Amino acid sequence: MTAPKELRVSKDRKLLTVTFPDRHPFELPAELLRVLSPSAEVQGHSPEQRVTVPGKRNVAILKIEPVGNYAVRITFDDFHDTGIYTWNYLHALGHEKEARWNAYLAELTEKGLGRDR
């Protein structure tokens with residue numbers, strides 16, 4: 001996957017728009033990016049270790065930093081900053097946003113958790 005031609009954070013810091021060359025822009029909410037962070041803290045080192053992260057409805061993006069030519073590190077206002085978002089991962093999130101979001105909401109319900117707690 002080639003690098004996006006543009007990464008744009010909204011004024012309220014709640015939305016990241018990712019535009020890859022020759023593709024329509026993807027709008028990725030900060031909450032989605034945070035709860036599906038590719039970090040070991042969230043994903044674990046195996047599927048059994050993956051953590052469902054509740055209470056991030058109002059999370060915002062503080063900053064985005066490049067990581068080589070293949071990714072960015074996103075720092076959120078809860079100070080989570082250990083995820084490396086590769087171009088492939090951002091592209092997958094854009095294409096699978098609805099399915100991944102619905103799976104996350106189902107996990108919250110199943111575990112008795114919520115977006116606000």
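This report describes salt bridges in a predicted model.

Side chains of opposite charge can pair when their charged atoms come close. The structure contains 8 salt bridges, and three of these pairs are set out below, among them R8 with E6.

| Pair | Closest N to O distance |
|---|---|
| R8 and E6 | 3.2 Å |
| E31 and R115 | 2.6 Å |
| R34 and D78 | 2.8 Å |

**E31 and R115.** A salt bridge joins E31 to R115, with 2.6 Å between the closest N and O atoms. Because E31 belongs to helix α1 (residues 30-35) and R115 to the segment after α3 (87-110), the pair ties together parts that lie 84 residues apart in sequence. E31 is buried, its relative accessibility being 6%, whereas R115 is partly exposed at 24%.

**R34 and D78.** Helix α1 also carries R34, whose side chain meets that of D78 in a salt bridge at 2.8 Å, N to O. D78 sits in the loop between β5 (71-76) and β6 (84-86), so this contact ties helix α1 to a part 44 residues away in sequence. R34 is buried, with a relative accessible area of 6%, while D78 counts as partly exposed at 27%. The pair belongs to a network of salt bridges that links R34, K56 and D78.

**R8 and E6.** The side chains of R8 and E6 form a salt bridge at 3.2 Å, N to O. R8 is partly exposed, with a relative accessible area of 43%, and E6 is likewise partly exposed, at 34%.

Key: Residues are numbered from 1 along each chain as its sequence is written. This is a predicted model: local features need pLDDT of at least 70, side-chain atom pairs count only at pLDDT 80 or more; totals for chains, interfaces and linings use all residues. Side-chain values use heavy atoms; hydrogens and water are left out. A salt bridge is a side-chain nitrogen of Lys or Arg within 4 Å of a carboxyl oxygen of Asp or Glu. Buried means under 20% relative accessible area, exposed over 50%, partly exposed in between (1.4 Å probe, protein chains only). Helices (H or I, at least four residues) and strands (E, at least two) are DSSP runs, numbered from the N terminus.
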